[in-house]
Amino acid sequence: MGGGNESRSDYSYPRMVSRPVGVPKTSILKERIGLFYNHGQNLNKARYSGCPHVQLSVWDAPGQERPTFKEATSHEFRETRIGESFGPSWSTHWFRVILTVPTDIAEDEHLELHWDANNEGLIWSEDGTPLQGLTGGGERIEWVLPKSFCNGKEHTIYVEMACNGMFGNAPDGKTSIAPPDSNRRFQLAKADIVSVNWQARMLQVDMHEIGDAAKELPENSAEQNKALSVAMKIMDTFQVDNQESILKCRKLAQEILGPNVDSHRVYETGAEPVVFGIGNCHIDTCWLWPWAETKRKVARSWSNQCDLLDRYPEATFAASQAQQFKWLKQFYPAAYERVQKKVKTGQFMPIGGSWVEHDTNMPSGESLVRQFFYGQRLFEREFGARCRTFWLPDTFGYSSQIPQLCRLAGMDRFVTQKLSWNNINNFPHTTFMWVSPDGSQVICHMPPSETYTAEANFGDVKRSITQHKTMAVDSTSLLLFGKGDGGGGPTWEQLEKLRRCAGISNTIGGIPKVKLGNTVDDFFDRLSSKASEFPTWYGELYFELHRGTYTTQANNKYYNRKTEVMLRDIEQLATFASLSTKKYQYPTKDIDDMWENVLLCQFHDCLPGSCIEMCYDDSDSLYAEVLKTGNKLLKELYELSGISDARPATLGEALAINTLPWHRKELVEISETEVGVACGDGQTLAVRTFHVQEEQPAVTVHETGTNSFVVENDQLRVVVTNGVIVSLYDRINEREVIDKGGEANKFVIFDDVPLYWQAWDVEVYHLGTKRSLQYGSTKIHEKKAHKVTLVTDVTISENSSLKSYITLSASLKGQPSEVDCAAEVEWHENSKFLKVEFPVDVVNTEASYETAYGITKRPTHYNTSWDMAKFEVCCHKFADLSEHNYGVSILNDSKYGFATAGKVMRLSLLRSPKAPDAHADMGRHNIRWAIFPHNGSLGSSTVRAAYAFNNPLKLCSGGEAALTKSAGCPIKLVNEDESASLVLDTIKRGHDDDDVTRHEGLRVNKGQSIILRVYESLGGHSKGTFHTKFHVKRATQVNILEDELCEVSIRDGTIPIKLRPFEVATFKLEL
């Protein structure tokens, strides 16, 4: 006791020190980890190429043809070898590959075929089954040889080589947005049978994740020091080409990774999962490659995933875009069968509920509905279930009505992440409730790893927590991983890395527990109970980047608007015809095909204008097909009513076709010398003489000086000086429209040099480069009693010019007047942006823009960075700036870009980016817009004028009999409120009526029905009543998939309705 004199012999360490031990500098040890990957260890035990083990022959498909397996394999193949080059870009070459596995490796653990020609390819079985895609360039070049190949006999496979990389054919083979090189060639560098040293390969992955942990865990934390210590032990133990040392190193790795790292069981232990990994490949339906190549990308990518789902039972894979499923079924039925089997097991998840991953800014409200309608129908037809999650990770902004339409399409969840690309403001939420203007909401999740193509690295999992912005409510998140944009999806390396991340979490912690095996719906199911606690975001999700996409590829946008309008007309007229004439069959297949083609062209790179030129050759052809079919259908419908689409020779033969749901009164020109007035609210309007005297014209023009004219009708007086409008006076309301000293309808040009994404971006600094154009003399282009047009030649540059037309037509009693403007532009610029501007004497801090099924208000000032970020915005048929008692609307035909800064309204006309399409928008353009002053604030007069501007009356020939036959309106919506804000936008047949259905395996409804879609257009509670000539047995409100929601009362043959502000409501009338 006490003195410490007892002798002890059980000390746990030697009495004498054996060597000095220091503390190495951590940064040096971290750098040392990088040396491990250059150790010289051969990851393969043996490699064989050339005869007799790998015999190669090839057939070169002519031109850019992409023949089927059956066609390709019917040809004679010539002998080829490693080292031969193939091309040019976009060509296809089929290889017959005869494999004989050497007997000395036949019993080895893991054999692969390594094939690398630095381009994409698809391996086929001898009987024509797609097996696996190849990426090239060292990535996804291996195919696991079946055990049946290890019998010493010859086995034949085929490799379909596509002469393009994962991201097309950028010059020098680089991943870039440069226009493709049409003459690239690809050398076959590898065609080898390889015996893989599996343990060495797995050690490489072990060390990759342990090394990342050592580098990325908090500095000087226990977890970081443990990871660094184990990494150093592995490096000290490892010996090149010493299998025993490799096994020892793998054992050491388990100190960090745990014992189950080579199995899916690693996910079954440890902490509660926080990060849920979902494999996906986000195949752009077109972008740096054409549609024809996308069809092959789908087969390559999804075959890859079916193979990986077999090898990794924990893996799940989400695939969106109904169009891609349709293509796979049509062109690769064997691959489609594999997908169907995996869908049944729950590993392969059809998701998204839409036809393609579409743009949401520019498509009309009805187009957005049809994306969901056709998408959900395909998923239900093919897989027996609709989607609950709208999946749109990569599009350039999100229309405010998406939550409402999602709910009406049976989807209450939404996944995206693109707002993480904002280049001005940081979006504040990860998981939140997104609210439409009508109050509908969906739960939205933006993965905090801020990508939909994560590489599944340690850092991706770590960022799923460190960048999570809604931790106060819920800390869970999705991790979307896999090679994407060009397809491919998850790789075996990524799946192995995630196993190790899970192992690290199980063993030492430091990162959130990642879990594979759950579905996206499983993830959202966990969140639903917290819906009331998540933050809310009202209105559009404006994307602070890629604002140039509202304008690029003007012709494509023109065709989008025209085909949307055409489909609306056809469906309405065909509905009435099919219910009125037994001999007329509603053209369901033609309409479906037209819609599917239009929806395809609304893919989020196609419609925005960010694809290569080949894609627009494709879309031009597809739009031409839609227009051809549409014109044929319209001609048949006209003839059914005794109407000819030929232009009438005289006013007495003239009729006007109207498909808008309200009374119209408009001038129609019969010839150069004859004009009439079409008036009424039916689908066929009589044309009467427009009474005007030459000595008292309805429109006058006076030249008041050099290049100065005054044009006037009963409502408006327009003063044009030097080609621009210097005064627009509203005679009825005694109001000057143009701001004092301002010049309206003035063309201006800007330097347009974004930081990188040429077709996509216009940056805020471009506003400082504005300059005016050189105006020539102004002349009277036409002077008629009912119309005057002035024309001015405008020089843009040495290579570009335009003709500017300003037209004022006669005013009609009860109809507000507008100033019609047009431009014929010869456009051959480089990095310039053409706009036309209107300084107006109207003051408001917000401007209103028509968007899908509603109005979106945006600031006219730059008070905050959020306000300034909206320096260029998207609109549909009009933009409006109003005070409470007066305003001005700018109507447009097929334009989408706009800006309002202070009092200056500015319509975007043309851009000239040089990548990825070097010829984007070059050539001739005919553009229309109008200035529409109005009394009061924004109201139905603007909404209706914009509809009419985009859907002018169709002048046809027909007698009194034709007029009588189709006089009146079979269905009419009468607004009961003064605002007249309810718009009957769509009239179509019930898609599953037994005389309409295509018998696709879905429900069939007996009898005939009409679908009516109405929306409230101005933002107020509104009432209306349907009046119809048809005998209605029953009326119901339905969702946009045409499922019944509730019954609606019928009162004396009329159907009263009430809508919330900006509500979209669909009704079904059973006849």
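Colleague: Which residues lie nearest the centre of the second largest pocket?
Modeller: This is a predicted model, in which local features need pLDDT of at least 70, side-chain atom pairs count only at pLDDT 80 or more, and totals for linings use all residues. Residues are numbered from 1 along each chain, and side-chain values use heavy atoms, without hydrogens or water. The second largest pocket (an open set of points on a 1 Å grid where a 1.4 Å probe fits, with protein on both sides within 12 Å along at least five of seven lines; lining residues have an atom within 4 Å of a point) is lined by 35 residues. Nearest its centre are Met-166, Phe-167, Thr-175, Gly-484 and Asp-485.

Colleague: Phe-167 also belongs to a cluster linked by ring pairs; which residues form this cluster?
Modeller: The model has 44 aromatic pairs (ring centres within 6.5 Å; planes under 30 degrees apart are stacked, over 60 edge-to-face, the rest tilted). Ring pairs link the cluster, whose members are Phe-167, Trp-287, Trp-289, Trp-421, Tyr-756, Trp-757 and Trp-760.

Colleague: Is the pair of Tyr-336 and Phe-383 stacked or tilted?
Modeller: Tyr-336 and Phe-383 are both buried (under 20% relative accessible area, 1.4 Å probe; exposed is over 50%, partly exposed in between). Their centres lie 6.2 Å apart and their planes make an angle of 45°, so by the cut-offs the pair counts as tilted.

Colleague: What is the centre to centre distance between Phe-390 and Phe-414?
Modeller: Phe-390 and Phe-414 are both buried. Their planes are 20° apart, and this stacked pair has a centre to centre distance of 5.3 Å.

Conventions: Rings of Phe, Tyr and Trp (its six-membered ring) pair if their centres lie within 6.5 Å; planes under 30 degrees apart count as stacked, over 60 as edge-to-face and the rest as tilted.
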